[in-house]
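Open the structure in your viewer and keep the selection tool at hand. We will go stop by stop.

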Amino acid sequence: MRIGHLSLKIAAVFATVSLALAGSAFAGSVSGTIKFSGKAPAPKVLSVNKDKKVCGKNKITDDSLVVKNGGVSWAVVSIKGAKGGKFSKAMKKATVDQDGCIYTPRVTVMKSGTKLIVLNSDKILHNVHTRPGKSKNTVANIAQPKFKKKLKMSKRYFKKPGIVKVTCDVHDWMTGWVVSTKTPFVAISGDGGKFKIDGVPDGSYTVEIWHEKLGTKTMKVDVKGDTKLDATIGG
Ligand SMILES: [Cu+2]
C-alpha cells in the first residue's frame, strides 16, 4: 500500500512538470514594434462632400499611414507555417462598424470562411463594395440602407485567405481592409506600432508584415517562449 501511494505521488509530480513545460518552453508570444523609417507624415484632414450632417460631425483624417512615436499603426503581422493555435472570438465573429463615415477598425482580421458583420451606426445609406485583389475572393457590392443596422456578409466573400479592400460607393473617402486568414497567428499593430501574437509554438518561421501604403516585408523569427520582434518598414 505504501509503495502504491508513493508511485501515485511521483506520477503527480511528473504531471506537474510536463504541464509547466508545455506552458512555458514550447509556446510563447511574439511581440514588438513596427517602426517607420521615414519622417512621420502630417495628419491630413479629408474633405467631406456628402451627407455633411453625419459625416462632417467629426473631422475625417487620411489614416492610410498613421505614425505615432515612430511606430506604424494598422500594419498586419502574420507568422507563416506555425501549427495549431486558436482563433479568438474577435476573429471568428469579426465586426466592422461604419460610424461617422469611416470604418472602425480600419483593418480587421477574420478567420477565412466566416461571416463578416458590418454595422451601420450612421443612419444613412452606405454601400459595402469589396475589392478582393490578389485574394481572388468574390466581389461584394451590397447596399446598406439607414434602417439596416447590421449586415451579415456571406462567407463566400472571405473564403480564401488574403487581403480584401473595402470601399463605399456613396462616400469615396471610406477605405477599410479585411484580412482573411487560415492561421490565427496574425495581429494588427496598434498605437505606436505595437503588436502581440499569443500562443505561438516554438520554432523558426517567416513573418510577413503588410501595410496598405508601405507594402510587404518578410523576415525570419526564431520563437522560443516569449520572443521580441521589432521591424522597420517604409522608406
Ligand atoms: Cu458610406
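This tour moves from the whole chain to its sheets, its core and a few single residues.

**Before you start**

Number the residues from 1 along each chain, as its sequence is written. The model is predicted: local features need pLDDT of at least 70, side-chain atom pairs count only at pLDDT 80 or more, and totals for chains, interfaces and linings use all residues.

**Stop 1: the whole chain**

Show the chain as a cartoon. It has three helices and 19 strands. Both are DSSP runs, numbered from the N terminus: helices are H or I with at least four residues, strands are E with at least two.

Of the chain's 235 residues, 30% count as buried. Buried means 20 or more other C-beta atoms within 10 Å of the residue's own; exposed means 12 or fewer; partly exposed is in between, and the C-beta atoms are placed from the backbone.

Next, contacts. Two residues are in contact if their C-beta atoms, placed from the backbone, lie within 7 Å. Take the contacts with a separation of 6 or more: 66% of them join residues 24 or more positions apart.

**Stop 2: a mixed sheet**

Select residues 95-98 and 116-120. These are strands S5 and S8, paired in the parallel sense over four bridges. Strands count as paired if DSSP finds at least two bridges between them. Threonine 95 stands opposite isoleucine 117 in S8.

Now add 103-104 and 150-153, which are S6 and S11. The four strands form an open sheet in the order S6-S5-S8-S11, with mixed pairing. Why does one side of S6 and of S11 lack a neighbour in the sheet? Each stands at an edge with a single partner strand, so one side is left without a neighbour.

**Stop 3: the turn-offs around S6**

Select cysteine 101, in the loop between S5 and S6. Its phi is near 60°, a positive value in a residue other than glycine. Is cysteine 101 buried or exposed? It counts as buried, with 24 C-beta neighbours inside 10 Å.

Move on to proline 105, in the loop between S6 and S7. Look at the peptide bond joining threonine 104 to proline 105. That bond is cis, with omega about -5°.

**Stop 4: strand S13 and its partners**

Select residues 175-181. This is S13, and it is mostly covered: six of its seven residues are buried.

Add residues 107-111, strand S7. S7 and S13 pair in the parallel sense over five bridges. Valine 109 has valine 179 in S13 as its bridge partner.

Then add 162-168, strand S12. S12 and S13 run antiparallel, joined by six bridges. One bridge pairs glycine 162 with serine 180. The two strands form a hairpin with six residues between them.

**Stop 5: the core**

Select Ala75, Val77, Leu116, Val178, Val179, Ile197 and Val200. In the largest nonpolar core, which has 49 residues, these touch the most other members. A nonpolar core is a set of buried Ala, Val, Leu, Ile, Met, Phe, Trp, Tyr and Cys residues joined through C-beta atoms within 7 Å.

Zoom in on valine 178. Beyond its neighbours within four places in sequence, valine 178 contacts Thr108, Met110, Leu116, Phe158, Val164 and Val166.

**Stop 6: an antiparallel sheet**

Select residues 76-80 and 186-188. The stretch 76-80 is S4, which pairs with S14 in the antiparallel sense over three bridges. Valine 76 has isoleucine 188 in S14 as its bridge partner.

Both belong to an open, antiparallel sheet in the order S14-S4-S16-S17. The edge strands are S14 and S17 (215-223), each pairing on one side only.

**Stop 7: where distant residues meet**

Select glycine 192, in the loop between S14 and S15 (194-201). Glycine 192 is partly exposed, with 16 other C-beta atoms within 10 Å. Leaving aside neighbours within four places in sequence, its contacts are Thr33, Lys68, Asn69 and Gly71. Draw a C-alpha distance to serine 73. The two residues are 119 apart along the chain, yet their C-alpha atoms are separated by 6.3 Å.

Finish on asparagine 69, in the loop between S2 (67-68) and S3 (71-72). Asparagine 69 is exposed, with 12 other C-beta atoms within 10 Å. Its phi is near 50°, again a positive value in a residue other than glycine.
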